[in-house]
Amino acid sequence: MPKRLRRCKECGEYTLQRDRCPHCGGEVEVPHPPRFSPEDPYGKYRRRLKKKVWIKKFGPPPRGEGE
Ligand SMILES: [Zn+2]
């Protein structure tokens, strides 16, 4: 993982500054939330659904793949 970039909420510029944007002084935020974020409580269901659709189309995945 590279250094944690932040992104300005105001102008959209990326910066390594933690508190404020060096370009416009606006607030910065971490642009990409962690992959398994509690902000995405339905990800589990989405992935399950995707798998179901896959199996319907192509049959069960080969051994050793998937979970
Ligand atoms: Zn800015």
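## Close-up views of a predicted model

**View 1. Arg 6 and its cross-strand partner.** Arg 6 faces Thr 15, a residue of strand 2, across the sheet. In this predicted model, strand 1 comprises residues 6–8 and pairs with strand 2 in the antiparallel sense, through two bridges. In general, the strands of a sheet pair through backbone hydrogen bonds, in either a parallel or an antiparallel arrangement.

**View 2. The three-stranded sheet.** The sheet is open, is built from three strands in the order 2-1-3, and has antiparallel pairing. Strand 2 (14–15) and strand 3 (28–29) occupy the edges; each has a single partner strand, so one side of each lacks a neighbour in the sheet.

**View 3. Arg 4, in the segment before strand 1.** Arg 4 belongs to the segment that precedes strand 1. Because 10 C-beta neighbours lie inside 10 Å, Arg 4 is classed as exposed, the limit for that class being 12 or fewer. Arg 4 and Val 30 are separated by 26 residues in sequence, while their C-alpha atoms are 7.8 Å apart in space.

**View 4. Cys 11, in the loop between strand 1 and strand 2.** Cys 11 is located in the loop that joins strand 1 to strand 2. Cys 11 has 12 other C-beta atoms within 10 Å and is therefore exposed. When neighbours within four places in sequence are left aside, the contacts of Cys 11 are Cys 21, His 23, Cys 24 and Gly 26. Val 28 is 17 residues from Cys 11 in sequence, with a C-alpha to C-alpha distance of 9.6 Å.

**View 5. Asp 19, in the loop between strand 2 and strand 3.** The loop between strand 2 and strand 3 contains Asp 19. Asp 19 counts as exposed because it has 9 C-beta neighbours inside 10 Å. Asp 19 and Cys 8 are 11 residues apart along the sequence, and 9.8 Å separates their C-alpha atoms.

**View 6. Helix 1 and the glycine that follows.** Helix 1 spans residues 43–58, 16 residues in total, and extends 22 Å from its first C-alpha to its last, close to the 22 Å expected at 1.5 Å a residue. The helix is hardly covered, with zero buried residues among its 16. An α-helix has 3.6 residues a turn, so residues three or four places apart point the same way. Gly 59, just after helix 1, adopts a positive phi of about 85°.

**View 7. The protein chain as a whole, for orientation.** One helix and three strands are present in the protein chain, and the elements follow the order β-β-β-α from the N terminus. Of the 67 residues in the protein chain, 6% are buried. Among contacts in the protein chain with a separation of 6 or more, 9% link residues 24 or more positions apart.

Definitions and conventions. Residues are numbered from 1 along each chain as its sequence is written. This is a predicted model: local features need pLDDT of at least 70, side-chain atom pairs count only at pLDDT 80 or more; totals for chains, interfaces and linings use all residues. Two strands pair if DSSP finds at least two bridges between them. Helices (H or I, at least four residues) and strands (E, at least two) are DSSP runs, numbered from the N terminus. A residue is buried if 20 or more other C-beta atoms lie within 10 Å of its own, exposed if 12 or fewer, and partly exposed in between; C-beta atoms are placed from the backbone. The expected span of a helix is 1.5 Å times one less than its number of residues. Two residues are in contact if their C-beta atoms, placed from the backbone, lie within 7 Å.
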